[in-house]
Amino acid sequence: MNARHLASDETLAGFAAGRLDEGMSLVVAAHLEINAASAKALREIEAVGGGVLAQGEAVPMLTSPEDALARLDRESEGASVPARPIEIGLPRILQPYDLGRWHPIGRGVAMRRVHVPGAQARVFMLRAAPGTWLPEHRHTGNEWTTILAGAYEHEYGRFGRGDFDEANENHEHHPHVDPVEGCTCIVALTGEVKFRGWLGRLLQPLVRL
């Protein structure tokens, strides 16, 4: 596993304090389930961050599938959560969530929605064929990505399984999917994606990100 790209301390602290948007939190939780280094960093932050965690109203942390199920139980006002078989290769943290069907959004690229109750961020999974160039784009908000399988690279490095990619309005990138492995990832997005180039502008109304 490529462990070079971990969630930032700021992101982990926000996660530990329960201050992240539900959608952003889910993508961080998927990263923590796969990436042992970030999971260890979270435990260290929790150990020394009592003062930070004591500020404001604490909410339950979303650190494991068990936490996610319990949290969903509370928020559904006592309604039972149907057990769903998790697909092979997906993090267990996704088990409580409704996953939409895969549908193509461009040549070699498919997307499925991840329905996260209460989330402000849009959450979805992307699957790209080996060697695919995704349109060059920038953001007006945040884009947090956890790589579930395969890899991609762009101006800020190569991101493999378990890596966490944090982009914001200061980032502009042109991802290139690994030519052998392809890539599957889960993304939480706020703001808008602004594609560049004629192909990106053509895709903009179709993708609706």
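**Exercise 1. The hairpin**

Which two strands form a hairpin with 6 residues between them, and which residue in the turn has a positive phi?

Solution. The model is predicted: local features need pLDDT of at least 70, side-chain atom pairs count only at pLDDT 80 or more, and totals for chains, interfaces and linings use all residues. Residues are numbered from 1 along each chain as its sequence is written, and side-chain values use heavy atoms, with hydrogens and water left out.

- Step 1. Strands are DSSP runs of E with at least two residues, helices are runs of H or I with at least four, and both are numbered from the N terminus.
- Step 2. Strand 3 and strand 4 form the hairpin.
- Step 3. The turn residue is glycine 118, with a phi of about 85°.
- Step 4. Strand 3 covers residues 109-115 and pairs with strand 4 in the antiparallel sense over 5 bridges. Two strands pair if DSSP finds at least two bridges between them.

**Exercise 2. Both neighbours of strand 4**

Find what leucine 126 faces in strand 11, and how far strand 4 is covered.

Solution.

- Step 1. On the strand 3 side, methionine 111 stands opposite leucine 126.
- Step 2. Strand 11 (residues 183-189) pairs with strand 4 in the antiparallel sense over 7 bridges.
- Step 3. There, cysteine 185 is the bridge partner of leucine 126.
- Step 4. In strand 4 (residues 122-128), 5 of the 7 residues are buried. Buried means under 20% relative accessible area, exposed over 50%, and partly exposed in between (1.4 Å probe, protein chains only).

**Exercise 3. Two residues compared**

Classify threonine 184 and glutamate 153 by accessibility, then list their contacts.

Solution.

- Step 1. Threonine 184 lies in strand 11. Its relative accessibility is 16%, so threonine 184 counts as buried.
- Step 2. Not counting residues up to four places away in sequence, threonine 184 touches Trp102, Met125, Leu126, Arg127, Ile147, Leu148 and Ala149. Contact means heavy atoms within 4.5 Å.
- Step 3. Glutamate 153 lies in strand 6 (residues 143-154). At 36% relative accessibility, glutamate 153 counts as partly exposed.
- Step 4. Beyond neighbours within four places in sequence, glutamate 153 is in contact with Arg158, His174, Pro175 and His176.
- Step 5. Histidine 173 is 20 residues from glutamate 153 along the chain, and their C-alpha atoms are separated by 9.4 Å.

**Exercise 4. The open sheet**

Give the strand order of the open sheet of 3 strands, and explain why one side of each edge strand is left without a neighbour.

Solution.

- Step 1. The order is 9-5-12, with antiparallel pairing.
- Step 2. Strand 9 (172-173) and strand 12 (193-195) stand at the edges; each has a single partner strand, so one side of each lacks a neighbour in the sheet.
- Step 3. Strand 5 (residues 137-139) joins strand 12 through 3 bridges. Histidine 139 stands opposite valine 193 there.

**Exercise 5. The N-terminal helix and the whole chain**

List the buried residues of helix 1, then summarise the chain.

Solution.

- Step 1. In helix 1 (residues 9-16), Thr11, Leu12, Gly14, Phe15 and Ala16 are buried.
- Step 2. Glycine 18, just after helix 1, takes a positive phi of about 70°.
- Step 3. The protein chain holds 6 helices and 12 strands. Of its 209 residues, 47% count as buried.
- Step 4. Among contacts between residues at least 6 apart in sequence, 66% join residues at least 24 apart.
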